[in-house]
Amino acid sequence: MDADIRAQIVEEIRQALEGGSLVVTATVTNGGEAGLAQAGEKLLVRGDGSRLGTLGSAALDDAAAEVAREVLTEVPRITLQTLYFGRDGRAVTRRSQAQTGDAELMIQLFEAPARLVVIGAGHVGHAVATLGEFLGMDVVVLDDREQFAN
């Protein structure tokens, strides 16, 4: 894949993490049988279904894009998963269901972190804020005592 396309993919991921439109990437982690895919190839799928990059074959691109569209609409969101794709576009979720030579893809959703607003920075508010940070949320603490608010 050319460096300009990789740079565009990275930029769209950055924008999604900063609150822009959601995007899903499919990355080949194991290319499977010869000619199916090459490790490291990446496809980005936008919310409108448009794509950037390629996984190496139209059938694999189409199958991964279909999964990406599902990831964009499912609730609760699954932000990271591994799927196995055959040459015919068949996708399975378990390694035990995959056939010899299937390509292994990492499907990842990128979106801005959820925001948690904690009102009051007492012992309960502090514990809630700590938990929110642990879960990867953007935490804001409001308190009328300046030393406790962020």
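**Figure 1. Strands β7 and β8 pair in this predicted model.** Strand β7 (residues 115–119) and β8 run parallel and are joined by 5 bridges. Between them the chain passes through helix α3 (residues 123–134), and this β-α-β crossover is right-handed. Within the pair, Val117 has Val140 of β8 as its bridge partner.

**Figure 2. Side chains alternate along strand β8 (residues 138–142).** Val139 and Val141 point to one face and are buried. Asp138, Val140 and Leu142 point to the other face and are not buried. In a regular strand, side chains alternate between the two faces of the sheet.

**Figure 3. An open sheet is formed by 6 strands.** The strand order is β3-β2-β1-β6-β4-β5, with antiparallel pairing. The edge strands, β3 and β5 (91–92), each pair on one side only. Strands β4 and β6 are connected by 6 bridges in the antiparallel sense. Tyr84 has Glu104 in β6 as its bridge partner.

**Figure 4. Helices α1 and α2 and their contacts with strands.** Helix α1 (residues 3–17) lies across β1, β2, β3 and β6, and runs at about 45° to β2. Helix α2 packs on the sheet and touches β1, β2, β3, β4 and β6. The direction of α2 makes about 45° with that of β2.

**Figure 5. Length and buried residues of helix α2 (residues 58–73).** Because each residue should contribute 1.5 Å, the 16 residues of α2 should span 22 Å; the end C-alpha atoms are 23 Å apart, which agrees. The buried residues of α2 are Leu60, Asp61, Ala63, Ala64, Ala65, Val67, Ala68, Val71 and Leu72. Their cover includes β1 (23–30), β2 (42–46), β3 (51–54), β4 (80–85) and β6 (103–110).

**Figure 6. The protein chain as a whole, as context for the close-up views.** The protein chain contains 3 helices and 8 strands, following the pattern α-β-β-β-α-β-β-β-β-α-β along the sequence. Its C-alpha trace spans about 65 × 35 × 25 Å along the principal axes. The radius of gyration is 19 Å, whereas a compact globule of 150 residues would have one near 15 Å. Buried residues account for 35% of the 150 residues in the protein chain. Of the contacts between residues at least 6 apart in sequence, 47% join residues at least 24 apart.

Notes. Residues numbered from 1 in each chain as written. Predicted model: local features only at pLDDT ≥ 70, side-chain atom pairs only at ≥ 80, totals over all residues. Heavy atoms only, no water. Buried < 20%, exposed > 50% of the residue type's maximum accessible area, 1.4 Å probe, protein only. Helix = DSSP H or I, 4+ residues; strand = E, 2+ residues; numbered from the N terminus. Pairing = 2+ DSSP bridges. Right-handed = clockwise from strand over helix to strand, strands pointing away. Expected span 1.5 Å × (residues − 1). Contact = heavy atoms within 4.5 Å. Axes fitted to C-alpha atoms, helices over the stretch in contact; angles between N-to-C directions. Rg over C-alpha atoms; globule rule 2.2 N^0.38 Å.
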